[in-house]
Amino acid sequence: MNSRTHVSFDSPSAMHDNSQHHDARDGHAVSPYRAEPLTDFSRAAARRAMDAALAQVSSQLGRTYPPIINGQAVLTAATFDSLNPSHCKQVVGRCGRSSVEQADAAVAAAKAAFPAWRDTEAPKRAEYLFRAAQVMRRRRFELAAWQVYECGKPRREADADVAESIDYCEFYGREMLRLAQPRRRDVPGEDNVYFYEPRGVAVVIAPWNFPLAILCGMTTAALVTGNTVVMKPAEQSSVIGAKLMEIFQEVELPPGVVNCLPGFGEEIGPVLVDHPDVTLIAFTGSRSVGLHINRQAAEVRPGQEQIKRVLAEMGGKNAILIDDDADMDEAVLGVVASAFGYAGQKCSACSRVIVLESVHDAFVTRLIEATRSLKIAPAEDPGCTVGPVIDAEAHQRIENAIDKGKNEGRLVYAGDVGSWKEEGYYIAPHIFDDVAPKASIAQEEIFGPVLAVLRARDLDQALEIANGTAYALTGGLFSRSPEHIARVKREFRVGNLYINRKITGALVDRQPFGGFKMSGMGSKAGGPDYLLQFVLPRTITENTLRRGFAPDVHKIECAIEN
Ligand code: NAD
């Protein structure tokens, strides 16, 4: 379903051929950006490589991952276990629970490393990203395997997440080379230069659902623009956060330039957000935490020099509209993939489908049949289409939403998790029909495999329902009417709108990603304006109408002394 090109290869080593040519020290030698191909799992060699990586990683489960501050692993008084949601008794890694003091130490290390990193030439900083991309290519299957175990991501989706991480490194590296060219506006007698410089210490707070890509995207954007970083991966994906840190260490980023703090958001998050030496917070996660961070960061603390910049990418309540002339085959497949891929745990996932009255019954019948064919299984199962949800808390929250939904709509499909019930945090797809637009299951983000179907008389009403939530992240339309397509493009106000295709799987550069309203504040990830948020623009004007330069007093004094 993904619209990237697929790479075909007969041996796993052929994967390395996808690398892009770069020598960032000479900006001209960098090849144009292109997306990393997805692995073609229809090839036996790819399946074997993934199986081998899963076996290799399974022998490494249960290891300990401490915080890394100023290039050093540091001990913590307490640890927490990151569990495999597919087999919830399996410990994927034991992670250091960073303390408040360690959060302070990480900010201090980032602050100390800042001046030298700021003054490192942009092409050199970009080069680190290109090298990190190379390491990710080499470790592609292994990094995907960690996601299968730690986040319950089916293998294809895990592979796509690693590809996206590579894309961020390659794209932001090139974007920085572009931004590093100063803009000159010289006139006779006056030189004017406009350029960017980094802000300082950036804190990156990431979610678990794109465990490598989102953490990597926010962090590399901060780094390549010359900021130093304290990374706070989500609790549920701390091992993958540690793997990203390993990659940054392997490419020999100087100590302190990036620091990694596994730990609990509510413990160390506020310390990082409130810290007077932090200048920018790049957050992706839930609306409630994002809004809380925005409020906290607005407060100016003693000793603080800069007003903090907050980038917050948050949730969605994304809808797909089904027009009365839609191609039903395409529409059903598109909705199923968008609603139930990764068990509905993508920020872009479809959680409302708004169907025009005349095709409603036919569409819902086919939607139910297509959903019935999905295979609920542990993420490592090659046939898995719906894996587990992330943890016990999410499981409980989604079950509560389903219970509530039973009073708000007609439950027309409830899948069965069968014998997996005891093994992990499984929830089967659920579809509610005849849901009222203002019902909570049509308004609140559930972040699980739960889909609300809403009827609309006509396109007017469909658009009113579609735009009638607090969010504006993704949306879609299936239609064959050019007039309706044009109208929906104008009037369905979301960050990423997709016509006649699924609404998940945005690609770096091709579909820059992010929303507005309560879905986020900030420019789209993977887009042309993203890096601008991490820099400060400066202008220097010099009057060049002088009569020569003053003698260099220092040099004259030295000459006299000698
Ligand atoms: P979350 O808000 O629970 O956690 C996100 C991060 O915030 C974690 O690292 C967590 O430890 C940290 N955190 C928690 N409390 C904090 C506090 N008080 N101060 C500072 N940090 C704190 O979200 P999640 O469950 O990890 O992710 C799911 C959410 O993310 C969904 O709402 C989803 O829509 C959203 N999301 C949005 C996008 C997007 O691009 N718009 C992408 C992915 C996920």
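How far is a polar side-chain atom of Ser286 from an oxygen atom of the ligand? Keep that in mind for the close-ups below, all drawn from a predicted model.

**View 1. Polar contacts hold up the ligand's oxygen atoms to Ser286, Glu235 and Ala206.** The answer for Ser286 is 2.6 Å, from a polar side-chain atom to a ligand oxygen. Glu235 also uses a polar side-chain atom, and here the distance to an oxygen of the ligand is 2.8 Å. Ala206 does the job with its backbone instead: one of its polar backbone atoms sits 2.7 Å from a ligand oxygen. On its own the ligand has 850 Å² of accessible area, and the protein covers 88% of that.

**View 2. Here is the shell of 29 residues around the ligand.** The ones that come nearest are Ala206, Lys232, Ser286, Met314 and Glu445. Sorted by class, you get 16 nonpolar, 8 polar and 5 charged residues. Helix H8 (265–274) chips in with 4 residues, the most of any element. Strand S13 (278–284) and helix H9 (287–298) are also among the elements giving two or more. Both domain 1 (16–314 + 529–537) and domain 2 (318–499) supply at least three residues each.

**View 3. Away from the ligand theme, this one shows an open sheet of 3 strands.** The order is S3-S7-S6, with mixed pairing. Strands S3 (63–65) and S6 (79–84) are the edges, each pairing on one side only. Ignoring direction, neighbouring strands are turned by 40° against each other on average.

**View 4. Zooming in on S6 and S7, we see an antiparallel pair.** S7 covers residues 87–96, and 6 bridges join it to S6. Look for Asp81, which stands opposite Arg94 in S7.

Notes
Residues are numbered from 1 along each chain as its sequence is written. This is a predicted model: local features need pLDDT of at least 70, side-chain atom pairs count only at pLDDT 80 or more; totals for chains, interfaces and linings use all residues. Side-chain values use heavy atoms; hydrogens and water are left out. A residue is near a molecule or strand if one of its heavy atoms lies within 4 Å of it. A polar contact is a pair of N or O atoms within 3.5 Å; within protein, one must be able to donate a hydrogen and the other to accept it, and residues adjacent in sequence count only if both atoms are side-chain atoms. Accessible areas come from the Shrake-Rupley method with a 1.4 Å probe; for residues, only the protein chains shown count as cover. Ala, Val, Leu, Ile, Met, Phe, Trp, Tyr, Cys and Pro count as nonpolar, Asp, Glu, Lys and Arg as charged, and the others, Gly among them, as polar. Domain bounds come from an automatic or database domain assignment. Two strands pair if DSSP finds at least two bridges between them. Axes are lines fitted to C-alpha atoms, for helices over the stretch in contact, and angles run from 0 to 180 degrees between N-to-C directions.
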